[in-house]
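How does a number become a word such as "buried" or "helix"? The exchange that follows sets values beside definitions.

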Amino acid sequence: MPSFLTPENLISTFGLLGILVIVFAESGLLIGFFLPGDSLLFTAGLLVADGQYLQQPLWLVCLLVSIAAIAGDQAGYLFGRKVGPALFRRPNSRLFKQENLVRAEEFFAKYGARSIVLARFVPVVRTFTPIVAGASNMHYRTFLTYNIGGGILWGSGVTLLGYYLGQISFVKEHIELMLIAIVAVSVIPIAVELLLARLRANRAAV
């Protein structure tokens, strides 16, 4: 990603407020799909452990990040409810690709309400799934329940992972390597889905 979008640069420049804005945008705004989510939270945990750039207590960072993630999905859900099917007819642009929306729709169709939690850990799908849930008129109370659970699990979980691993000397000395690993792990679900889809397509063609 561009240097100005690297997690450490974003945090050193904008601090905790910047983290919250990015988490909110990536969780439910169409333009937020390209923002670093997992790596940003992991780095935030690392920096809290190190006391660099983030001096706030860990519990406060986790609480605010979780709230931002939940609020972002709420915004995405409400946007989907308001726009509805018209969103699926929107032409492609530099910041919007129908394929991302279709991928989220397929993810939502496959996992149902659980997708609100599972999508938190899948880049790009994380941004579009709450929008699809709203456009599909998913029951609001069901969405809210899964949204709160997923927001806490992802927002606090990834941050805590970075915090505790950040106290290991090897991790502190190889932060860039760890960030690459986090991004690679977060892409695995998409790779698996693409592989399974290709296998199903090959079997259908036989």
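The questions below concern the predicted model shown here.

Q: What should be known about the model before reading its values?
A: The model is predicted: local features need pLDDT of at least 70, side-chain atom pairs count only at pLDDT 80 or more, and totals for chains, interfaces and linings use all residues. Residues are numbered from 1 along each chain as its sequence is written, and side-chain values use heavy atoms, with hydrogens and water left out.

Q: What makes a stretch of chain a helix, and how many helices does the protein have?
A: Helices (H or I, at least four residues) and strands (E, at least two) are DSSP runs, numbered from the N terminus. By this rule the protein has nine helices and zero strands.

Q: How do you know that the reach of helix α3 is close to the expected one?
A: The expected span is 1.5 Å times one less than the number of residues. Helix α3, residues 58-83, has 26 residues, for which 38 Å is expected, and its first and last C-alpha atoms are 37 Å apart. After α3 comes G84, with a positive phi near 65°.

Q: Why is T159 called buried?
A: Buried means under 20% relative accessible area, exposed over 50%, and partly exposed in between (1.4 Å probe, protein chains only). T159 has a relative accessible area of 0%, and therefore counts as buried. T159 is placed in helix α7, residues 140-165.

Q: Which residues does T159 touch?
A: Contact means heavy atoms within 4.5 Å. Leaving aside residues up to four places away in sequence, T159 touches L41, G45, L58, V61, C62, V65 and W154.

Q: What makes a group of residues a nonpolar core, and how many residues has the largest?
A: A nonpolar core is a set of buried Ala, Val, Leu, Ile, Met, Phe, Trp, Tyr and Cys residues joined through side-chain atoms within 4.5 Å. The largest has 23 residues, and those with the most contacts inside it include V23, L41 and V65. Elements that give two or more residues to this core are α1 (7-28), α2 (38-50), α3 and α7. A second, separate core has 14 residues, including Y77 and F143.

Q: Where does the UniProt record place the annotation "transmembrane region"?
A: The unreviewed entry gives residues 12-37, 57-80, 143-165 and 177-197; such annotations may be inferred rather than shown by experiment. In the model, residues 143-165 are 100% helix and 0% strand, with end C-alpha atoms 32 Å apart.
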